[in-house]
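The following account leads the reader through one chain, from its local backbone features to its cores and the surroundings of its ligand. The sequence and the structure are best kept in view throughout.

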Amino acid sequence: MPPNAALKPAKGWTPVDAQTLLQEISEYCRRTGMAESTFGRLSVNDGKFVNRLRYGGRITTDTLARVRTYIASHPGRGGGNGARPVILPPVPRTPVSRIESRVPTLQPVANAAPPASPERNFRFFDNRQKYLLFVNTCSEKWVVAQRVGLELANLHPRPPAVRVFDAGMGDGTVLTRVMRAMHQRFPAMPFYITGKEISLEDVRLTLEKMPDRFFEHPATVMVITNLYYSEAPWLVPNSVTAASSLVWREVPLSGNTARDFEEQVTGLQPFLAENWRAHVSPKSGNPVYERPVVLILYREDHRFLLDSVIPRPGATRADYDLVMASQPYRARAPLDFKARRVVAPLARALGPGGRLLGIHSHGNDPGLEVIQKIWPGEDPFQHDRHALLKAVKAELGNAGRDLNFNAYADGRSLFRYDMHTLPNEISNAIGTSTLFAAWNAAVYVAQIEDARLESVISDRKYLEATREVLMKHGGLWFWDESYVISRRRD
Ligand SMILES: C[S@@+](CC[C@H](N)C(=O)[O-])C[C@H]1O[C@@H](n2cnc3c(N)ncnc32)[C@H](O)[C@@H]1O
């Protein structure tokens, strides 16, 4: 069957039916731990089926029947007939109050985490392994941190702290490097740092890097939250229901060595496994938190000094000196989404003199050349910084009148990062693992979905294409572009 055949309009089919079906598929995938692309392939022989349905595709009554038959006849680990929502037992919540908990040291993580339930531990980032390989084989996160570091010279922090917001910590590589640079520049100022991250695995990876930061810069308040862009800078959920279930956890770290802090951060694993849960919205396809969480870490021996910096429920503010937004949206997301849902709320969170540094991929590099050898004409990077800033300005209207929108000339905005290679690695005989790493970086940056990859990796053409590009340029590199939105100082 040609891929689009499943999506021809069906008589009597309405968008409401599409939403219902999407919900059924999403619940099924969550329960069985199956990727949506796999579901599409197995049920109707089309890996892009669910995505197309989400973006307005219609389906035939025959396809509808095939999807429902597949769900009913493959109940998976969750049991039951796939169309019924799974009702989960309620989980006790930490009430909204100032909670000061000394976390137990060295809990065995495997025993401490509650048993995995597939529908709640659903891994929504199907590009996770690609991300981790990319972060470790390319210099992007170093170079991004360097670019953020340059902004520190333009900050004018006011007491009681330097305030920084990371709009998506990822694995925490960028934030950790930025915190080192902050310590070098502002060694004696308290730090208030908020990091937004919805992925449990990324929160773990970031926390693991923090003990040394608390050791070197004791006057640090670190807040980690899974709230949305429009909520996280203020630490307040928008909806009353979400606000009433907010988990607010304060963790004063005892001791004074990095090892002390590491033990206590490791002891947070059960709390994280219990509370940092997310699923995919069947309506938007975006990750959604199950309950909002705010986790606050600081050194107990600095509590007196940090008293006016530690946020309290109902008494929080944004007013950031620096907002870093590195790769905060998908390249192919609509311009309006990027502007309205991501960048505009972050711009609102700037304090007087505050600066928002945005960074996203630019293309026009050997990485895109690899992609276009396999998918001619492919161009994932449709909105440049100029278009984005224009859309953000329009979105903010009057609220943007004391903001400057700086697209800068290419010479200042664009920066390059490379795949790490050894001096003699790019030769006539490029090793297969180097080719794999280069291919991974190219498809990761171009955000090619797994379903599209499956059809091209069945033969070696993609490795040949990668080899040709590496040979031609003597390596692999990419361009990112950056922009700054700054608030006037008075
Ligand atoms: C909130 S974002 C970025 C996290 C962090 N600020 C960073 O720069 O790594 C996390 C998601 O952005 C995407 N991403 C990160 N770096 C990317 C890059 N260089 N090119 C394309 N997508 C990227 C990945 O899908 C990743 O899961």
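N45 counts as partly exposed because 14 other C-beta atoms lie within 10 Å, whereas a residue is called buried when 20 or more do so and exposed when 12 or fewer do. The model in which this residue is examined is a predicted one. N45 sits in the loop between α2 (36-44) and α3 (49-54). Its phi is near 60 degrees, a positive value in a residue other than glycine.

Q447 offers a second instance of this backbone feature, with phi near 50 degrees in a residue that, again, is not glycine. Its place is the loop between α19 and α20. Q447 is partly exposed because 16 other C-beta atoms are found within 10 Å. A further backbone feature occurs in the loop between α7 and β1 (162-166), where P160 is found. P159 and P160 are joined there by a cis peptide bond, with omega of about 10 degrees.

These local features belong to a chain with 21 helices and twelve strands. Of its 490 residues, 41% count as buried. Among contacts between residues at least 6 apart in sequence, 83% join residues at least 24 apart.

Strand β3 (residues 220-225) illustrates burial within a sheet. Six of its six residues are buried. In a regular strand the side chains alternate between the two faces of the sheet. In β3, T220, M222 and I224 lie on one side and V221, V223 and T225 on the other, and all of them are buried, so that both faces are covered. The partners of β3 run in opposing senses: strand β2 (residues 191-196) is parallel to β3 and joined to it by six bridges, while strand β7 (residues 293-299) is antiparallel to β3 and joined to it by four. Within the first pairing, I193 stands opposite M222. Within the second, V223 of β3 stands opposite I296 of β7.

From the strands the account turns to the nonpolar cores. In soluble globular proteins, nonpolar side chains tend to be buried together. The largest nonpolar core of this chain has 74 residues, and V323 and L346 have the most contacts inside it. Leaving aside residues up to four places away in sequence, L346 touches A167, Y229, P233, V323, A325 and L356. A second, separate core comprises 25 residues, including F134, V370, Y444 and V445.

F134, a member of that second core, belongs to helix α6 (residues 128-137), where F134, V135 and T137 are buried. The buried residues of α6 pack against α7, α8 (173-185) and α19.

Helix α19 is also a packing partner of α21: the buried residues of α21 pack against α16 (366-374), α19 (432-445) and α20 (450-456). Helix α21 itself (residues 461-473) has 13 residues and reaches 19 Å from its first C-alpha to its last, close to the 18 Å expected at 1.5 Å a residue. Its buried residues are Y462, A465, T466, R467, V469 and L470. Just after α21, G474 takes a positive phi of about 70 degrees.

R467, one of the buried residues of α21, can be set beside A429. The C-alpha atoms of A429 and R467 are separated by 9.2 Å, although the two residues are 38 residues apart along the chain. A429 lies in the loop between β11 (414-418) and α19. Is A429 buried or exposed? A429 counts as exposed because it has 7 C-beta neighbours inside 10 Å.

The last region to consider is the shell around the ligand. Of the 15 residues there, G168, G170, S326, Q327 and V445 come nearest. V445 is also listed in the second core, and α19 (432-445) ends at this residue number. By class, the shell has six nonpolar, seven polar and two charged residues. Helix α7 (residues 140-151) supplies the largest share of the shell, with three residues. Helix α7 is also one of the elements against which the buried residues of α6 pack.

How values were computed. Residues numbered from 1 in each chain as written. Predicted model: local features only at pLDDT ≥ 70, side-chain atom pairs only at ≥ 80, totals over all residues. Near = placed C-beta within 6 Å. Helix = DSSP H or I, 4+ residues; strand = E, 2+ residues; numbered from the N terminus. Nonpolar A, V, L, I, M, F, W, Y, C, P; charged D, E, K, R; others polar. Expected span 1.5 Å × (residues − 1). Contact = placed C-beta atoms within 7 Å. Core = buried A, V, L, I, M, F, W, Y, C linked by C-beta atoms within 7 Å. Pairing = 2+ DSSP bridges.
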